[in-house]
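Dear colleague,

I am passing on the structure we spoke about, and I would be glad if you could look through it before reading my notes.

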Amino acid sequence: MKDGIEKSPAPIFPRHPTRLLGSKWTRIEEEGVTHFRVVEHRKDHNLRLQALCKDTSVVIPWRALRERARWRPGWADERALRPPGVTNTGSI
């Protein structure tokens, strides 16, 4: 805090989709997670995300990244996304 003015924290999401270019995202799926990088911003405000380990890409509206049940910023580890107390989701 400087001069009695508190600086507000940075917003979680950029205010414009062009600022997402190059950012990293994790999509949460029933069978695990998929890591993506934003590779294109389209004029219709959709984004093209390229999967890292799979040979696929998806086109989504940029505001869809706000759905926390489906998308997380960065490349999150599947173990970090599990509810507390759950140690193994697969069968032996």
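What follows is a short account of the strands, the core and one polar residue.

This is a predicted model, in which local features need pLDDT of at least 70 and side-chain atom pairs count only at pLDDT 80 or more, while totals for chains, interfaces and linings use all residues. Residues are numbered from 1 along each chain as its sequence is written, and side-chain values use heavy atoms, with hydrogens and water left out.

Strands here are DSSP runs of E with at least two residues, numbered from the N terminus, and two strands pair if DSSP finds at least two bridges between them. Strand S1 (residues 24–29) pairs with S2 in the antiparallel sense over six bridges, and a hairpin of two residues joins S1 to S2. S1 also pairs with strand S5 (residues 71–73), again in the antiparallel sense, over three bridges, where Trp25 has Pro73 as its bridge partner.

The largest nonpolar core (buried Ala, Val, Leu, Ile, Met, Phe, Trp, Tyr and Cys residues joined through side-chain atoms within 4.5 Å) has 13 residues, and Trp25 and Leu47 are among those with the most contacts inside it. Two or more residues each come from S2 (32–41), S3 (46–51) and S4 (57–61), with S3 giving the largest share, three residues.

Asn46, which also lies in S3, is buried (under 20% relative accessible area) because its value is 19%. Its side chain joins that of Asp44 in a polar contact of 3.1 Å, the term meaning N or O atoms within 3.5 Å, one able to donate a hydrogen and the other to accept it, where residues adjacent in sequence count only if both atoms are side-chain atoms.

With best wishes

Definitions and conventions: Buried means under 20% relative accessible area, exposed over 50%, partly exposed in between (1.4 Å probe, protein chains only). Helices (H or I, at least four residues) and strands (E, at least two) are DSSP runs, numbered from the N terminus.
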